[in-house]
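Visitor: I am in my first year and would like to look closely at a single part of this structure. Please take one strand, go through it slowly, and then show how it sits in the whole.

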Amino acid sequence: MNERSLTLALMDPPYESANSTTALRIISAALAHGISVNVFAYEGAVCLPLQDQAPHANPVKGTTLEEEDHPTTKAFISSLLAIGKDKLTWINCGLCVDERGATNVVDGVKRGSPADFFKMSSESTNTLVIPTK
Amino acid sequence: MTRYIFIESRDPFESRDTRFVEETAIAVKERGHEVTVFLVQNGVLAARKNASRLDHLTAAGVALLADDFSLRERGITPDELAAGIQPSAIETLVEAIVQTNTKAIWH
């Protein structure tokens, strides 16, 4: 195995846990170091790349949409897919997608099954599972 | 020898099960393996010298790293860290877990 690669399994939905932020940081750092990354998004994590996510103003703080500059996980994932190109594969669990109606995802996200996770894990240098608490 | 990387994301003052990682890390180290505990997210709260939570890991020869981003988020400065705990970039974790014969366990 010459090329180093990392497979991640993610389970947390967006905006619920710092796990998502850390996972995105790990992906970014790996790509920056030339390490290929496979992501298998399971359960609520299939909503991380949802196209329907929208940034918002904060009426409590009185900030506008622009001032709030609210980050979305879909924007992070789009950027990582653009940066990583063929070095980043993101697969959403199909059954989890159907359960949640989470079909409208950003370009580059694929649909798959736990069999894909097994294959990616088998072919990777290492695998990191980031479960829900 | 196998390398073990335990990634501790949980606040030891919120969850008693952080003891699981501490005890497992020491047990694996005692069996002759190389062991690192990487503290991230609320896990870095254990890294403060005033917390006195992880001295037994250092004494056992377990390497302790604390995610610099998580430290900054929580206002913890390097001089507040307990002896033997080093601030570390996420890149260090990534490089560690893509080494051969390495097991990475998230908690």
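Guide: In strand 3 of chain A, L88(A) is the bridge partner of V37(A), and since this is a predicted model, that pairing, like everything that follows, is read from computed atoms. The pair L88(A) and V37(A) belongs to a longer run, for strand 2 of chain A, residues 36–41, and strand 3 of chain A are joined over 5 bridges in the parallel sense. Further along, F40(A) stands opposite I91(A) in strand 3 of chain A. In general, the strands of a sheet pair through backbone hydrogen bonds, and they do this either parallel or antiparallel.

Strand 3 of chain A also pairs with strand 4 of chain A, residues 109–112, again in the parallel sense, and here there are 4 bridges. In this second pairing, W90(A) has V109(A) in strand 4 of chain A as its bridge partner. To get from strand 3 of chain A to strand 4 of chain A, the chain passes through helix 4 of chain A, residues 94–100, and this β-α-β crossover is right-handed.

Now consider the side chains of the strand itself. In a regular strand the side chains alternate between the two faces of the sheet. Strand 3 of chain A shows two such sets: L88(A), W90(A) and N92(A) point one way, while T89(A), I91(A) and C93(A) point the other way, and all of them are buried. Are the residues of strand 3 of chain A, 88–93, mostly covered or mostly uncovered? The strand is mostly covered, with 6 of its 6 residues buried; to follow that statement you need the cut-off, which is that a residue is buried if 20 or more other C-beta atoms lie within 10 Å of its own.

Stepping back to the sheet, you will find 5 strands of chain A in the order 4-3-2-1-5, forming an open sheet with parallel pairing. Strand 4 and strand 5 of chain A stand at the edges with a single partner strand each, so that one side of each has no neighbour in the sheet. The sheet is not flat in its directions, as neighbouring strands are turned against each other by 25 degrees on average, direction ignored. Helix 1 of chain A packs on this sheet and touches strand 1 (5–10), strand 2, strand 3 and strand 5 of chain A, and its direction makes about 165 degrees with that of strand 1 of chain A.

The chain around this sheet has 5 helices and 5 strands, and from the N terminus on, the elements of chain A run β-α-β-α-α-β-α-β-α-β. The radius of gyration of chain A is 15 Å, close to the 14 Å that the globule rule gives for 133 residues, so chain A is as compact as a globular protein of that length. Taken along the principal axes, the C-alpha atoms of chain A fill a box of roughly 55 × 35 × 30 Å. Buried residues make up 43% of the 133 residues in chain A, and of the contacts in chain A with a separation of 6 or more, 70% come from residues 24 or more positions apart.

Chain A also touches chain B, in a contact that takes 17 residues from chain A and 14 residues from chain B. On the side of chain A that touches chain B, helix 1 (18–32) and strand 5 (126–130) of chain A each supply at least two residues, and helix 1 of chain A gives the most, with 7 residues. By class, this side of chain A has 10 nonpolar, 5 polar and 2 charged residues.

Chain B, for its part, has 4 helices and 5 strands, which follow the pattern β-α-β-α-β-α-β-α-β along the sequence. Of the 107 residues of chain B, 41% count as buried. One residue to look at there is L64(B), which has its place in strand 3 of chain B, residues 63–67. L64(B) is buried, because 24 other C-beta atoms lie within 10 Å. Leaving aside its neighbours within four places in sequence, L64(B) is in contact with V37(B), L54(B), L57(B), T58(B), G84(B) and I85(B). Of these partners, take G84(B): L64(B) and G84(B) are 20 residues apart in sequence, yet 6.7 Å apart in space, C-alpha to C-alpha.

Methods: Residues are numbered from 1 along each chain as its sequence is written. Chains are lettered from A and ligands numbered from 1 in the order in which they are written. This is a predicted model: local features need pLDDT of at least 70, side-chain atom pairs count only at pLDDT 80 or more; totals for chains, interfaces and linings use all residues. A residue is buried if 20 or more other C-beta atoms lie within 10 Å of its own, exposed if 12 or fewer, and partly exposed in between; C-beta atoms are placed from the backbone. Two strands pair if DSSP finds at least two bridges between them. A crossover is right-handed if, with the strands pointing away from the viewer, the path from the first strand over the helix to the second runs clockwise. Two residues are in contact if their C-beta atoms, placed from the backbone, lie within 7 Å. Ala, Val, Leu, Ile, Met, Phe, Trp, Tyr, Cys and Pro count as nonpolar, Asp, Glu, Lys and Arg as charged, and the others, Gly among them, as polar. Axes are lines fitted to C-alpha atoms, for helices over the stretch in contact, and angles run from 0 to 180 degrees between N-to-C directions. The radius of gyration is taken over C-alpha atoms; the globule rule is 2.2 Å times the number of residues to the power 0.38.
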